[in-house]
Amino acid sequence: MHIQVAPSVLASDFGNLQAAIEMINDSEADSIHIDIMDGVFVPNISFGFPVLEAIKKHAQKPLDVHLMIVNPDHYLSAFKEAGAETITVHMEACPHLHRTIQAIHELGCKAGVAINPHTNVELLRDVIRDLDQVIIMSVNPGFGGQKFIEHTYEKVRNLKAIITSSGSEALIEIDGGVNLDNAYKLIDAGADILVAGSFVFNAEDPAATISQLKEH
Ligand code: DX5
Ligand code: ZN
């Protein structure tokens, strides 16, 4: 399968969000990564429903919504209403993860689980067949523009082995510090989707940068 690229709008110019979405529409990107931060689960606040709805109005690609919030169960249907195609919750924020995954599927969305750098992929074994994707955080969540954590490659390989041996169809998405220096090694280790924020939006030609990530 070809690698998918999901640009993260967190790194875009919010004063000109429509232009950022149109750039993604016209690019080879596969989806649009949306980072929701609540200032509780992570030490930062990003944006909420009005901004998500504004993005949805212009987006021609599926919205990949990454919830870095506590109590995500309270907001799942609101995110569906706002246009999410995939909803990913953090394992560390969900004491009843299986129930949360079921609730996402009942809404008709694809379900993902994200794990922080300290969380072992083995903890996913008992839900892996219920998932459409896993986000392996390759930075500590909360901010764009951080340095990629090298231990991620090993986690990708270990998760890939769990997915293959269990017959799961979950895709592996990598989020944080992705660039052309680590993209190939990530794909080689088993990654299916690369999220890229600052590497895309700080580039002189963001659309060409998306293509380069996909060419790898
Ligand atoms: C970090 C977010 C990421 C972030 C990635 O908490 O989940 O999606 O936007 O940004 P870069 O690619 O700049 O590390
Ligand atoms: Zn993210």
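For a chain of 216 residues, a compact globule would be expected to have a radius of gyration near 17 Å, and the chain of this predicted model has 16 Å, which agrees. Taken along the principal axes, the C-alpha atoms of the chain fill a box of roughly 40 × 35 × 30 Å. The secondary structure comprises 8 helices and 8 strands, and 45% of the 216 residues are buried. Among the contacts in the chain with a separation of 6 or more, 66% are made by residues that are 24 or more positions apart.

The UniProt annotation "binding site", taken from an unreviewed entry, covers His33, Asp35, His66 and Asp175. These residues span 143 residues in sequence, yet no two of their C-alpha atoms are more than 10.4 Å apart, so they gather at one spot.

Two of the annotated residues may be considered in turn. His66 is found in strand β3 (residues 63-68) and counts as buried because 28 C-beta neighbours lie inside 10 Å. Leaving aside residues up to four places away in sequence, His66 touches a set of residues including His33, Asp35 and Asp175. Asp175 is located in strand β7 (residues 171-175) and, with 25 C-beta neighbours inside 10 Å, likewise counts as buried. With the exclusion of residues up to four places away in sequence, Asp175 touches His66, Ile135, Met137, Ser138 and Val195.

Ligand 1 is surrounded by 22 residues, of which Ser8, Pro141, Gly144, Gly197 and Ser198 come nearest. At least two residues of this shell are supplied by each of β2 (32-37), β8 (193-196) and α7 (198-201), and the shell divides into 9 nonpolar, 11 polar and 2 charged residues.

Conventions:
Residues numbered from 1 in each chain as written. Chains lettered and ligands numbered in written order. Predicted model: local features only at pLDDT ≥ 70, side-chain atom pairs only at ≥ 80, totals over all residues. Helix = DSSP H or I, 4+ residues; strand = E, 2+ residues; numbered from the N terminus. Rg over C-alpha atoms; globule rule 2.2 N^0.38 Å. Buried ≥ 20, exposed ≤ 12 C-beta atoms within 10 Å, placed from the backbone. Contact = placed C-beta atoms within 7 Å. Near = placed C-beta within 6 Å. Nonpolar A, V, L, I, M, F, W, Y, C, P; charged D, E, K, R; others polar. UniProt positions renumbered as here; feature names shortened; annotations may be inferred.
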